[in-house]
Amino acid sequence: MSKYLVTTADMINSRDVSTEQIATIPEKLKQIDVDFHTLIPSMLFAGDEIQLLFPYDQNHHPYRLLMDLNRHLAPFHFRFGFGIGAIDQPINPIIAHNKGQAFLQARKALAIAKKDQLIAWLSTEEIVQYSEINACFLLLTALTRKWSDKHWRRFYLYWDNRSIHKVAEIENVSPESINKLLNNAGIRLIIRSLELITELHE
């Protein structure tokens with residue numbers, strides 16, 4: 001039976017976000033659908049929750065997908081629940097009308113992420129096989145808990161460019177200040193862990 005990856009995410013501090021700002025999320029989801037080849041259109045629910053459906057394959061690893069979704073959804077911050085499992089067939093083109101183990105697991109994972117204030121959690125019936133991913137989510141939560149939007153922006157700039165001089169040029173600051181931020185925030189370590197955990201599941 002085919003496995004799928006369902007992502008259910010809840011916006012952090014959504015009460016502080018204006019209606020006008022939330023209205024920009026559907027366009028972000030459309031771009032995510034195109035860039036990451038979701039199986040059906042993603043949806044925004046109740047103004048602060050999103051749901052996405054992906055095939056579960058090496059192109060949709062939960063850890064890497066978390067970082068990519070986080071980037072696409074900026075400046076909003078979400079907690080993510082990832083669920084791996086089967087879904088009822090045939091797939092309904094309206095995501096809210098679908099059911100199955102992957103959806104149940106994603107909802108379970110999000111409940112854990114919200115309860116423990118984690119950036120993300122993964123739930124599946126074969127959790128031992130994926131325990132290292134949740135270990136990474138725990139560490140990532142600890143490392144980024146006090147990050148500002150500036151930290152996230154420079155994280156992605158360094159991820160894309162791998163050059164403190166290029167990031168410094170874009171941010172109009174000194175390379176020394178970028179290097180200090182990378183070291184203090186553990187950004188190089190996070191990127192290396194992302195690469196290693198993704199390689200394990202290729």
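Student: Which residues does T7 touch, not counting residues up to four places away in sequence?
Tutor: This is a predicted model. Contact here means heavy atoms within 4.5 Å. On that basis, T7 touches I50, Q51, L52, F54, L65, L69, F80, G81 and F82.

Student: Where does T7 lie?
Tutor: T7 has contacts that include F80, G81 and F82. T7 itself belongs to a strand that covers residues 4-11. That strand is β1.

Student: Is T7 buried or exposed?
Tutor: Buried means under 20% relative accessible area. T7 has a relative accessible area of 0%, so T7 is buried.

Student: With which residues is F80 in contact, leaving aside its neighbours within four places in sequence?
Tutor: T7, T8 and A9 are among them. So are L66, L69, N70, L73 and L110. The list is completed by A113, I119, A120 and W121.

Student: Which residues touch the most other members of the largest nonpolar core?
Tutor: The largest nonpolar core holds 50 residues. F80 is one of those that touch the most other members. The full set is L66, M67, F78, F80, F82, F155 and I187.

Student: How many residues are in the other core?
Tutor: Another core lies apart from the largest one. Its residues include Y4, V6, A102 and A106. The number of residues in that core is 9.

Student: Which residues lie nearest the centre of the largest pocket?
Tutor: The largest pocket has a volume of about 280 Å³. Its lining consists of 13 residues. Nearest the centre lie I12, R79, I119, T144 and R145.

Student: Which elements each supply at least two residues of that lining?
Tutor: One is a strand, residues 78-85. The other is a helix, residues 131-144. They are β4 and α5.

Student: How do the lining residues of the largest pocket divide into nonpolar, polar and charged?
Tutor: The lining has 13 residues. They divide into 6 nonpolar, 5 polar and 2 charged.

Student: In what order do the elements run from the N terminus on?
Tutor: The protein has 9 helices and 5 strands. Their order is β-α-α-β-β-α-β-α-β-α-α-α-α-α.

Student: Why is the protein as compact as a globular protein of that length?
Tutor: The globule rule gives 17 Å for 202 residues. The protein is as compact as a globular protein of that length because its radius of gyration is close to that value, at 17 Å.

Student: What share of contacts between residues at least 6 apart in sequence join residues at least 24 apart?
Tutor: Buried residues make up 48% of the 202 residues. For the contacts in question, the share joining residues at least 24 apart is 67%.

Note on methods
Residues are numbered from 1 along each chain as its sequence is written. This is a predicted model: local features need pLDDT of at least 70, side-chain atom pairs count only at pLDDT 80 or more; totals for chains, interfaces and linings use all residues. Side-chain values use heavy atoms; hydrogens and water are left out. Helices (H or I, at least four residues) and strands (E, at least two) are DSSP runs, numbered from the N terminus. Buried means under 20% relative accessible area, exposed over 50%, partly exposed in between (1.4 Å probe, protein chains only). A nonpolar core is a set of buried Ala, Val, Leu, Ile, Met, Phe, Trp, Tyr and Cys residues joined through side-chain atoms within 4.5 Å. On a 1 Å grid over the protein atoms alone, a cavity is a set of points where a 1.4 Å probe fits but cannot get out, and a pocket is an open set with protein on both sides within 12 Å along at least five of seven lines; lining residues have an atom within 4 Å of a point. Grid points are joined across faces, edges and corners, and a volume is the space filled by probe spheres set on the points. Ala, Val, Leu, Ile, Met, Phe, Trp, Tyr, Cys and Pro count as nonpolar, Asp, Glu, Lys and Arg as charged, and the others, Gly among them, as polar. The radius of gyration is taken over C-alpha atoms; the globule rule is 2.2 Å times the number of residues to the power 0.38.
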